[in-house]
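Me: Can you walk me through this one? I'll ask as we go.
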Amino acid sequence: MISVLDGQPGGSGKKKSAEKVFSLLVTVRDCQPSIWRRLLVRESMWLSQLHDALQVALDWYDYQTHCFTIDDMRLGNPVRVEGQAIDDDRDATLVDLDLGARGAFLYEYFFGEGWRVDIKVEKTLASEKSVTYPACIAGERAGPPEDCGGVEAYHDMLACIKEPHTDIGREWIEWLGPDYDSERCDLAKINEALKSLRK
């Protein structure tokens, strides 16, 4: 059988396969109740852009150092931390890292406070023209506020804001602002902010 593309300029007779998309389950470690997001990202995405997407999805502001640990590789801000070199995450795409075969990896943000985010590669999909990537398609709860003091301080904060009549409760509520709701994951807001990362 002869393809209609045979003999055409640039036609090889083979249909170009659609770019793959990873469905990533992103979970902030040790937070109770659980804080998670489901992100759809193109395989051609730079790892540094995934960092940007995670910052948006968790409502962080990229003030701190970050690092991805993928098997024995550490990529992020190119620095030396605790005697280990961290390579530049601007030099690798997700497909370069063969994420589809790896299954899971770790993202750390702000080494002092110790936010650790587990990322699970749930499945690999074909990209769809009707979807703009990256996209956050599901999630629960607001991300831990930037500079709130780490996991233990975050849990203390949650307890304090349940007692707004106390001095410390009022202080936290004033610091967080009137619109803060720890139970709300605003997907529309996240996806609006992700537009700046889309190409």
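Reply: One term before the helices: angles under 35 degrees count as roughly parallel, over 145 as roughly antiparallel, 65 to 115 as roughly perpendicular and the rest as oblique. This is a predicted model, where local features need pLDDT of at least 70, side-chain atom pairs count only at pLDDT 80 or more, and totals for chains, interfaces and linings use all residues. Residues are numbered from 1 along each chain as its sequence is written, and side-chain values use heavy atoms, with hydrogens and water left out.
Me: OK. How do H1 and H5 pack, at what angle and how far apart are their axes?
Reply: Helix H1 (residues 47-57) and helix H5 (residues 187-194) pack at about 150°, with axes 9 Å apart. H1 and H5 are therefore roughly antiparallel.
Me: Which residues make the contact?
Reply: Ala-53, Val-56 and Ala-57 from H1, with Ile-190, Ala-193 and Leu-194 from H5; contact means heavy atoms within 4.5 Å. The residues of this contact are 6 nonpolar, no polar and no charged.
Me: Switching to Ser-23. Where is Ser-23 found?
Reply: Ser-23 lies in strand E1 (residues 20-28).
Me: Buried or exposed?
Reply: Ser-23 counts as buried, because its relative accessibility is 2% (buried is under 20% relative accessible area, exposed over 50%, partly exposed in between, with a 1.4 Å probe and protein chains only).
Me: What is Ser-23 in contact with, leaving aside neighbours within four places in sequence?
Reply: Arg-38, Leu-39, Leu-40, Lys-120, Val-121, Glu-122 and Lys-123.
Me: And what share of the whole protein counts as buried?
Reply: 42% of the 199 residues.

How values were computed. Axes are lines fitted to C-alpha atoms, for helices over the stretch in contact, and angles run from 0 to 180 degrees between N-to-C directions. Helices (H or I, at least four residues) and strands (E, at least two) are DSSP runs, numbered from the N terminus. Ala, Val, Leu, Ile, Met, Phe, Trp, Tyr, Cys and Pro count as nonpolar, Asp, Glu, Lys and Arg as charged, and the others, Gly among them, as polar.
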